[in-house]
Protein chains: 2
Amino acid sequence: MDKLSPDQIVRLLLAVAALLATGRILGELVRKFGQPSVLGEMLAGIVLGPTVLGAFAPDAMEFLFPMKGNVPVALDALTTVAISLFLLVAGMEVDLSMMFRQGRVAVCVGLGSMLVPFALGFGVFYAGPAMAGIDNERALVFAMFMATALSISALPVIAKTLLDLGMYRSDIGMLIVAVSIFNDLVGWIVFALVLSMMPGQQVHRFEVGETVLLTLGFALVMLTLGRWLIHKSLPFLQAHLSWPGGVLGFALSITLVGAAFTEWIGVHAIFGAFLVGVALGDSQHLRERTRTTIDQFVSFVFAPLFFASIGLRVNFVADFDWQLVLVVFALACAGKILGSGISAKLMGMPARQSWAVGFGLNARGAMEIILGLLALNAGLIDNRMFVALVVMALGTSMLAGPAMQWLLQLKKPRRFTAYVGARSFIAELKATDRFKAILELVPVSGAVGLDFNKISDAVFERERVIPTGLGNGIALPHARIKGLAAPQVAMGLSRQGIDFDSPDGELAHIILVILTPEEDQTTALALYRDILSTFKDRAFREKVMRVKSYTELLALMASSTGAHPGEATVISPAPAR
Amino acid sequence: MDKLSPDQIVRLLLAVAALLATGRILGELVRKFGQPSVLGEMLAGIVLGPTVLGAFAPDAMEFLFPMKGNVPVALDALTTVAISLFLLVAGMEVDLSMMFRQGRVAVCVGLGSMLVPFALGFGVFYAGPAMAGIDNERALVFAMFMATALSISALPVIAKTLLDLGMYRSDIGMLIVAVSIFNDLVGWIVFALVLSMMPGQQVHRFEVGETVLLTLGFALVMLTLGRWLIHKSLPFLQAHLSWPGGVLGFALSITLVGAAFTEWIGVHAIFGAFLVGVALGDSQHLRERTRTTIDQFVSFVFAPLFFASIGLRVNFVADFDWQLVLVVFALACAGKILGSGISAKLMGMPARQSWAVGFGLNARGAMEIILGLLALNAGLIDNRMFVALVVMALGTSMLAGPAMQWLLQLKKPRRFTAYVGARSFIAELKATDRFKAILELVPVSGAVGLDFNKISDAVFERERVIPTGLGNGIALPHARIKGLAAPQVAMGLSRQGIDFDSPDGELAHIILVILTPEEDQTTALALYRDILSTFKDRAFREKVMRVKSYTELLALMASSTGAHPGEATVISPAPAR
């Protein structure tokens, strides 16, 4: 059998390592600014590809990512499997029952949010296809593609944004999610149809009409019979096969078969993977841990690999066309925001909420990029248009959160760790009574420019009126301080325990001094709630007591709560079913 | 960039799906007979490869697994990444601190268990290399390889076997694990040296001496400085990066870089992956859930893919040489069992335990197969010898469990589910009091050929003497029955609850009637313990109450306890640290 030479293996392993590591690093970096990590992952490809590395060190790029031979083929194989699994996960997040529950409103807003941008896109690009350098023969298919590209929404980005804003379970949040599920499903089917109608596809197994029928038929079968069969067989598989290997193997096998089938009929493999994901994820018999295992590995390994590999193909500087970028961006926003906003308004929503729905659905995210890439590979669009679509996808995704926050006048919940830094954390308090503990913590709290004695006195006074031991080994001495600019928190641990006169009689081991500005009436309460819920679990508190530094504390909290607040990855935790 | 055509993508996706699905199905099948799933996964490759499919439907095999072109290259890329990740996991199970704790005894038995088979193998194969059809020029390296192949042990198989026998935490279990860690580590380094000494390797970057030095140097650096650096950086990564993506990306990136490095210096990629795994797995800062995510995905997706792909390369019927198989098998067992057994005896162990140690360490498992494959690829051995090594690896692994069980006269713990079948489970009891519940359950218990009334009377009698409500909603009415051939258990659920006079005053919702033969004094107690520990968790009991059929019950138990008892996968759960 043909195989890779040792030299090719070295290059392949280094190439994958470079994509993963750079993607991770830049993904984390953009995350710090509250941006979706897909942005960082694509930046990694741009850095390693022709745009940056190729421009400054073409030899290094040619070594890692040669254009010819076995290495690019091997990399293509890996990214093809990666994108198929990514679409499996994306499909698993499509919750059909949730869409049906929202019913009429979801469908109406969904139709509005798709038809308006579709009509707008079709009009503009059927009238002026020459602008994008496309010959007239393909004008219809090109216009159909652009119309589809403008009218899809990205469920994962939207779900994640809503989670970040704490709006996922609100009425408006549920509506937006339901609409984007509808959009996702319809959008992919329409896109598959566009692909199947393309003249000059490499597969000539079927006539265009046959491919269209096969595509629709496959979608129909998977969403009905396939979904039912999977739902019925999962309990059997989970009962009789090893766990979670049996279900994992089953899920991946049918995904690959579905992907192979759609690739075979002439639309792309990922369409099949997506539909299998929808059918699979909809079954309540799929256990949460199987879901999580697939989700984590795909989101953090396969997805970054795929998105980083995109940047290798295109030079994002040379092919950046300002005019085209602006036109595409403006059309995308106008069509989607107006279409969704007006339909929401017509369904009786207040104005601000209607526009928030519009901006939410405006997020294109990873789906748009994948769509664009397939069109690029199929020769339907050129590099300039691809770059414009990528910029539009990222731009609309980054806009969604801030716009919704502003329209709905939300305050993002802040966690107490946002106020505790390395310098305001004492891993081992020396104090033996509560007043000494307060004296030890107040100076590190970060209340600059104020007299520590006065602050301590204020805290003492509160403490004398109502002792602040809250039980469970937690004490939260606090005071509102005149002249304090922003809330300050200092945290200390005491292994021996300090008596804060708590209702359950236990000594306090976790002590946080909370200082808030005199006029701020809400932050202290929010911090209270956050701290109590963070430390409500006894086993977790015991782990906290073994922490020796601020870094270890953060590490413990990050791994125990599953995620930092404000984290922004493309794939959200699967919506609760 | 060169890439796969749509037709090639179809074939690749189908090929991977076929390997995964067949591997899973056959893996589950052999598991039912208590055999390691690697056996089934390799059988999948044999079925899909030249041995079976190629013999009966050569066209189908040529379609799925063509010998030339991009598809085999793509498959080779996937399996190379798969095997590297598999070795990462294998390395992560090497617990250096555990090895050091066992100290002198582990090292002495370890040396004995390696030196004897090594000497034996080297003697036989240096004397008679012609037997294996090897020309004399390579005689030394070939003999070195065979000696190494006979002297390694497979930590994952051994750990799994010990877990199955319930011996993992016993003194002898810990000793065997420590010795096999030592064996694993030394064996791989020796094998890397053998590879680096090979004349005619494709890489001529370095002289043989340089490669040897680089290999040893890399191993030394990874086990000291690398291990320390990883240990120090993990808390930082877990604190500041998203979770578990940050650590996952970090782990995989350094694994691939390590793999690329060892491939570059002329030994195989997997050696680097293994050493990174050792360095990474040894850090207590690697959280259990990160470990589990890597472990599950690799064990159930990548490992089956790799092992199944092995069968594609060789015709296991045509290249099966009885004589060679017998010679290799006999040499392997003789060297290993004698070497380990005698050293254990010399260290003061009783005879039966010493031989049990010998049979335990005799298991070669997956490691031997990987070693053989690399030697085959490097042209060091031929197909016949490869087949003999594979048979030896599987045979010694299958022998280890039964031999140890017999030598130590262990009884494998059986779980209560082994006695409850679909027919002896009532999802919704009609009974309203305990005697009616017993009357309802006894007839389904499976006590054939006996008078149900007599049995019920016996259970009633016990029940009157001591009520069998045990608290937590569990009741276990029971009796020893004259003439009963084997223990019988019937299980029923009652949503409304039945009063079994339990000490905590709660009604019983989970009721199991346990009938044991009159002469059997131990089974009932073992079942008691198993049932109580199975249902000790309130949240789990609540889930049980929602079960509607026996299949659902099994599914729930399988996913909650993490594994069926008696499950045999190659990769064991990571040893507790």
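## Close-ups of a predicted two-chain model

**View 1. The largest cavity has a volume of about 290 Å³.** A cavity here is a set of points on a 1 Å grid over the protein atoms alone where a 1.4 Å probe fits but cannot get out. Its volume is the space filled by probe spheres set on the points, with grid points joined across faces, edges and corners. Lining residues have an atom within 4 Å of a point. Of the 22 that line this cavity, L78(A), F302(A), L78(B), V81(B) and F302(B) are the closest to its centre. Helix 1 (6-32), helix 5 (70-92), helix 11 (245-265) and helix 13 (288-311) each give two or more residues to the lining, in chain A and in chain B. Helices are DSSP runs (H or I, at least four residues), numbered from the N terminus. How many of the lining residues are nonpolar, polar or charged? The lining has 22 nonpolar, no polar and no charged residues. In this sorting, Ala, Val, Leu, Ile, Met, Phe, Trp, Tyr, Cys and Pro are nonpolar, Asp, Glu, Lys and Arg are charged, and the others, Gly among them, are polar.

**A note on the model.** This is a predicted model, in which local features need pLDDT of at least 70 and side-chain atom pairs count only at pLDDT 80 or more, while totals for chains, interfaces and linings use all residues. Residues are numbered from 1 along each chain as its sequence is written, chains are lettered from A in the order in which they are written, and side-chain values use heavy atoms, with hydrogens and water left out.

**View 2. The second largest cavity holds about 90 Å³ of space.** Among the residues lining this one are M1(A), D2(A) and K3(A), along with D76(B) and R313(B). Helix 5 of chain B gives the largest share, four residues. This lining mixes four nonpolar, two polar and four charged residues.

**View 3. Chain A meets chain B, with 79 residues from each in the contact (heavy atoms within 4.5 Å).** Together the chains bury about 7,300 Å², 70% of it on carbon and sulfur atoms. Buried area is the accessible area (1.4 Å probe) lost on putting two parts together, summed over both. Two salt bridges cross the interface. For one, K68(B) pairs with D2(A), the closest N and O atoms being 3.4 Å apart. A salt bridge puts a side-chain nitrogen of Lys or Arg within 4 Å of a carboxyl oxygen of Asp or Glu.

**View 4. R313(B) forms a salt bridge with D76(B), their closest N and O atoms 3.8 Å apart.** Here R313(B) sits in the loop between helix 13 and helix 14 (322-346) of chain B and D76(B) in helix 5 of chain B, so the pair ties together parts 237 residues apart in sequence. Over all chains, the whole structure has 21 salt bridges.

Notes:
On a 1 Å grid over the protein atoms alone, a cavity is a set of points where a 1.4 Å probe fits but cannot get out, and a pocket is an open set with protein on both sides within 12 Å along at least five of seven lines; lining residues have an atom within 4 Å of a point.
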